[in-house]
Amino acid sequence: MNAGQASRQAGCPADRDETGTRTLRRHADVVAAALDSRTFSSRVSRHLNIPNGMDGEQHARYRGLVERYMTPERVAPLEGRFRQIAARLIGSLPRDHRVDAVSGIGSLFAVRAQSAWLGWPAEAEAPLLEWMEQNRDAARSGRLELHAAVAESFDRIIRSLIEDGPGTGVRSPRGVTAELLAERVEGRPLAIEEVVSILRNWTAGDLGTIAACVGVVVERLAKDPELQCRWRHDRPDPDEMNREIDELLRIDDPFTASRRVTTRPVETGGQMVPSGERVHLGWAQANRDPEAFGDPDAFRPLENAARNLVYGIGPHVCPGRGLATLEIRVVVEELLAATASLEPYPGRAPVRARPQQGGFQSVPIRLRASSGPGA
Ligand code: HEM
């Protein structure tokens, strides 16, 4: 049993993991901490982290810049392109054989959809997929030196997409990446380090999170024929689908926690926490808090929507929510449209990711061919 499992069993509102970090697990405590960003600072690292690792006015300035790329007006026109990418990917998958919903659907789709949005070339796909694999291995190993190496290799990929060499001219980037390179902040152009940090933030964690979200939703669909049948045949409208996807992610949240550091002594999780202490906001555990949701496994999309913390809350609430939700819904809709059914692959159980990562490492499924035209 690892420290995470031990603390879950202990039933205390906040416990320390093997690194000595406390995780807040009650819904009320996590919400209170996320809303009080003066006490629970996001400046947890000495590395530049835009806007995640910033507080106050500095955070607001960069957050404003980032948000402009993810407004509903900017996200809605991406649907057609995402649908094309999903349809092509799903069309290429074998029928009646084993497919891993995480690596074979989620990761590939996430990389292709994000690359299309960011204006990255097809050659970026292989290094990004390889990087996602290394990132997962590093997380599984828990070795800090591997984390550092993986972070550096990601920066090299990003830099190769936006410049020819350190400090030299830009290699004709397109789309959103080109727009970012032309951005200004405080009356000056964004520095390359800042562009790299923003792009790292939009891809490094989120590719893996989108892939994990697809894994969670597909795993549920495969084992819940009633839900699959309803989504397949009744075709809920986009808002309803989005709400139902959010509820599946609340029940099994792949984005498990966010880091904070206290700026003053504060009482939280039933304990006094000194200033300068590392605290994790445990989104996944708060999303299953019976005090907030009753039975955490009960599927109640409408009733639970307002308390759902999958995309966080407060000044750092996820600005990419609309984009992420669109990507997840589109790939699931295309998967259902191109198959007669999807089932758990016989004899191969899904493998859980490490508790800190959430979701699944792999979800083996079998796709049944649809018999209609285009099948
Ligand atoms: C796929 C599912 C995703 C989930 C579950 C998710 C979840 C979250 C959560 C919980 C936070 C809050 C972190 C905190 O309070 O410290 C967050 C922040 C953030 N997310 Fe997402 N996210 C997802 C996808 C995306 C995507 C696709 C993008 C952009 C391309 C994105 C961009 C960001 C950014 C920039 C922040 C930091 C905001 C800030 O510090 O002000 N996310 N996300």
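Welcome to the tour! There are 3 aromatic pairs in this structure, which is a predicted model.

**Stop one: Y69 and W202.** Select these two residues and show their side chains. Their rings form a tilted aromatic pair, with 5.6 Å from centre to centre and 55° between the planes. Now colour the backbone around them. Y69 sits in the loop between α3 (56–67) and α4 (72–75), while W202 belongs to helix α10 (residues 192–223), so this pair ties together parts that are 133 residues apart in sequence.

Switch on the surface for a moment. Is Y69 buried or exposed? Y69 is buried, because its relative accessible area is 3%, under the 20% cut-off. W202 also counts as buried, with 4% relative accessibility.

**Stop two: W117.** Keep W202 selected and add W117. These two form a tilted aromatic pair as well, at 5.0 Å centre to centre and with 35° between the planes. Follow the backbone from each ring: W117 is part of helix α6 (residues 101–118) and W202 is part of helix α10, so the pair ties together parts that are 85 residues apart in sequence. W117 is buried too, with a relative accessible area of 6%.

Which residues do the ring pairs link into a cluster? Show Y69, W117 and W202 together, and you have that cluster on screen.

**Stop three: charges over rings.** Next, select R98 and Y345. R98 lies over the face of Y345, 5.8 Å from the ring centre. Then move on to R250 and F293. Here R250 lies over the face of F293, at 4.5 Å from the ring centre. Try turning the view until you look straight down on each ring.

Conventions. Residues are numbered from 1 along each chain as its sequence is written. This is a predicted model: local features need pLDDT of at least 70, side-chain atom pairs count only at pLDDT 80 or more; totals for chains, interfaces and linings use all residues. Side-chain values use heavy atoms; hydrogens and water are left out. Rings of Phe, Tyr and Trp (its six-membered ring) pair if their centres lie within 6.5 Å; planes under 30 degrees apart count as stacked, over 60 as edge-to-face and the rest as tilted. Helices (H or I, at least four residues) and strands (E, at least two) are DSSP runs, numbered from the N terminus. Buried means under 20% relative accessible area, exposed over 50%, partly exposed in between (1.4 Å probe, protein chains only). A charge sits over a ring if NZ of Lys or CZ of Arg is within 6 Å of the ring centre and within 35 degrees of the ring normal.
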